[in-house]
Amino acid sequence: MDGYRGFYSRNTLELNPKVVNDIHKRGGTMLGTSRGGHDTAKIVDSIQDRGINQVYIIGGDGTQRGAAAIYEEIRKRGMKVAVVGIPKTIDNDIAVIDRSFGFTTAVEEAQRAISAAHTEAESTENGIGLVKLMGRYSGYIAMYATLASRDVDLCLIPEVPFYLEGEGGINEFVLKRLKENGHMVIVVAEGAGQELLGIEKNTSTRDASGNQLLHDVGLWLSAKLKEHFCATKGEGLNLKYIDPTYMIRAIPSNGSDNVYCTLLAQSGIHGAMAGYTGYTVGPINGRHAYIPIWRVTEKQNQVNIADRMWARLLSSTHQPAFIKPHKDDNEPQQRASD
Ligand SMILES: Nc1ncnc2c1ncn2[C@@H]1O[C@H](COP(=O)(O)OP(=O)(O)O)[C@@H](O)[C@H]1O
Ligand SMILES: O=P(O)(O)OC[C@H]1O[C@](O)(COP(=O)(O)O)[C@@H](O)[C@@H]1O
């Protein structure tokens with residue numbers, strides 16, 4: 001129970017069909033969760049002491065890295081224990097697999113927040129609905145929720161650096177969109193633009209798992225837009241900021257994720273019973289596969305902005321690409337012979 005520290009604090013819960021009968025109808029986790037607390041030696045000691053021979057580890061990319069460390073230690077000690085990773089995170093940032101469990105549920109629920117933002121925005125003059133969605137390093141939820149809703153005018157994700165001022169910046173775009181439509185909807189992933197908020201990679205404070213602690217980009221952006229609008233137009237913006245992040249993560253999974261979860265569970269167990277170990281289960285191009293854990297931890301899944309999905313998003317929102325014009329772009333090109 002309660003993540004990795006549960007192994008050695010011996011916080012256990014017996015699971016049987018009666019106990020798990022309707023857990024798919026509940027949000028959150030009946031097993032509890034925690035950040036940090038990974039002590040490989042203590043975890044493997046506990047597995048050894050208790051004679052456990054199959055370990056199923058459920059979580060995101062950090063959890064999978066922890067599973068890889070446990071697998072290595074078990075291998076070193078020559079123990080006959082199967083270690084299996086189950087990919088669960090709403091962020092969809094686990095590499096190699098098609099998607100992680102929880103992602104489609106999050107995208108679906110995010111629609112409700114975006115719809116609310118749209119309703120609020122179109123009800124007032126110069127109305128902006130700003131929605132923050134989860135995604136520390138990956139903007140998948142923001143990108144898919146934007147594409148699904150089609151109410152969004154601007155989507156900001158960690159993979160795309162952006163800027164506020166000047167040609168092609170956010171301020172210019174917002175003023176233009178408000179002039180054209182009278183209202184707009186902005187979606188921002190929590191990890192977007194952190195460098196503008198003073199978060200420096202590798203120097204900022206971290207949580208117990210080693211993840212960077214982020215500043216609230218939604219609050220920051222709200223303040224910046226209001227400031228700019230007031231300075232330029234001399235009037236206020238009707239900006240409504242919605243932060244549904246924990247409400248989205250806490251809801252029960254949708255039907256598609258429920259079926260997916262069953263497949264992950266069955267596939268995970270079949271592999272262990274067949275004698276495999278050190279793998280994460282998940283679909284690759286629709287086929288359920290056993291993937292060496294190290295393959296899913298060697299990099300993180302991020303939105304590829306050269307891919308067609310991001311191009312689709314740009315054509316749906318018409319937002320700027322945030323490519324700053326070069327200072328000397330207007331100067332005549334020097335000829336090769338000069
Ligand atoms: N490189 C690593 N080695 C061992 N354990 C790790 C590693 N990275 C993360 N963990 C552990 O995995 C757990 C979950 O990681 P975290 O980043 O909080 O969440 P997520 O699994 O959603 O990415 C934490 O207990 C953390 O200490
Ligand atoms: O505030 P907490 O509990 O640390 O969670 C916030 C983090 O959870 C995440 O959504 C990841 O959650 P999951 O991996 O559980 O889906 C990150 O995007 C976000 O930064």
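What covers the buried residues of helix 6? I began with that question, working throughout on a predicted model.

**Helix 6**

I found that helix 5, strand 3, strand 4, strand 5 and helix 12 are included in what covers the buried residues of this helix. Helix 6 is mostly covered, since I counted eight buried residues out of its 10, and I listed these as Tyr140, Ile141, Ala142, Met143, Ala145, Thr146, Leu147 and Ser149. Just after the helix I noted arginine 150, which takes a positive phi of about 60°.

**The chain as a whole**

I then stepped back to the chain, which holds 12 helices and eight strands and whose C-alpha trace spans about 70 × 60 × 35 Å along its principal axes. I noted that 44% of the 338 residues count as buried, and that the accessible surface comes to about 18000 Å², with 50% of it belonging to carbon and sulfur atoms. Looking at contacts between residues at least 6 apart in sequence, I recorded that 72% of them join residues at least 24 apart.

**The nonpolar cores**

Which residues have the most contacts inside the largest nonpolar core? I looked through its 52 residues and wrote down Ile128, Leu133, Leu156, Ile170, Ile186 and Leu225. The elements that give two or more residues to this core are helix 5 (103–122), strand 3 (127–133), helix 6 (140–149), strand 4 (154–156), helix 7 (170–181), strand 5 (183–189), helix 8 (217–233) and helix 12 (308–317). Helix 5 gives the most, with seven residues. In soluble globular proteins, nonpolar side chains tend to be buried together.

I took isoleucine 170 as one case from this core and, setting aside neighbours within four places in sequence, found isoleucine 170 in contact with Leu154, Leu156, Phe162, Tyr163, Leu164, Leu225 and Phe322. I also noted a second, separate core of 30 residues, which includes Ile70, Ala82, Phe101 and Ile293.

**Glutamine 64**

My next entry concerns glutamine 64, which lies in helix 4 (residues 61–76). Is glutamine 64 buried or exposed? I put glutamine 64 down as buried because its relative accessibility is 1%, where the cut-off for buried is under 20%. Apart from neighbours within four places in sequence, glutamine 64 is in contact with Ile57, Gly59, Gly85, Ile86, Pro87, Ile94, Thr280, Ile293, Val296 and Thr297; one of these, Ile293, is also included in the second core.

**Ligand 1**

Around ligand 1 I listed Tyr4, Arg35, Gly36, His38, Gly60, Asp61, Gly62, Thr63, Arg65, Gly66, Ser209 and Asn211, a shell that divides into one nonpolar, eight polar and three charged residues. For polar approaches to oxygen atoms of the ligand, I noted an N or O atom in the side chain of arginine 35 at 2.7 Å, a polar backbone atom of glycine 60 at 3.0 Å, and an N or O atom in the side chain of threonine 63 at 2.5 Å. Taken alone, ligand 1 exposes 560 Å², and the protein buries 79% of that.

**Ligand 2**

Ligand 2 is surrounded by Arg35, Lys88, Thr89, Ile90, Asp91, Met134, Gly135, Arg136, Glu190, Tyr246 and Arg249, so I wrote Arg35 into the entries for ligand 1 and ligand 2 alike. How do the residues of the shell around ligand 2 divide? I recorded three nonpolar, two polar and six charged. Among the polar approaches to oxygen atoms of ligand 2, I noted a polar backbone atom of isoleucine 90 at 2.8 Å, a polar side-chain atom of glutamate 190 at 2.6 Å and a polar side-chain atom of tyrosine 246 at 2.3 Å. On its own ligand 2 has 480 Å² of accessible area, of which the protein covers 78%.

**Threonine 245**

I looked up threonine 245 next, and placed it in helix 9 (residues 245–250). I counted threonine 245 as buried because its relative accessible area is 5%, again against a cut-off of under 20%. Not counting residues up to four places away in sequence, threonine 245 touches Lys132, Leu133 and Met134; of these, Leu133 also appears among the residues with the most contacts in the largest core, and Met134 is one of the residues around ligand 2.

**Glutamate 195**

My last entry is for glutamate 195, in the loop between strand 5 and helix 8. I recorded glutamate 195 as partly exposed because its relative accessibility is 47%. The C-alpha atoms of glutamate 195 and proline 158 are separated by 9.8 Å, with the two residues 37 apart along the chain.

How values were computed. Residues numbered from 1 in each chain as written. Chains lettered and ligands numbered in written order. Predicted model: local features only at pLDDT ≥ 70, side-chain atom pairs only at ≥ 80, totals over all residues. Heavy atoms only, no water. Helix = DSSP H or I, 4+ residues; strand = E, 2+ residues; numbered from the N terminus. Buried < 20%, exposed > 50% of the residue type's maximum accessible area, 1.4 Å probe, protein only. Contact = heavy atoms within 4.5 Å. Near = heavy atom within 4 Å. Polar contact = N/O pair within 3.5 Å; in protein donor to acceptor, adjacent residues only side chain to side chain. Areas by Shrake-Rupley, 256 points an atom, 1.4 Å probe, with all protein chains shown as cover. Core = buried A, V, L, I, M, F, W, Y, C linked by side-chain atoms within 4.5 Å.
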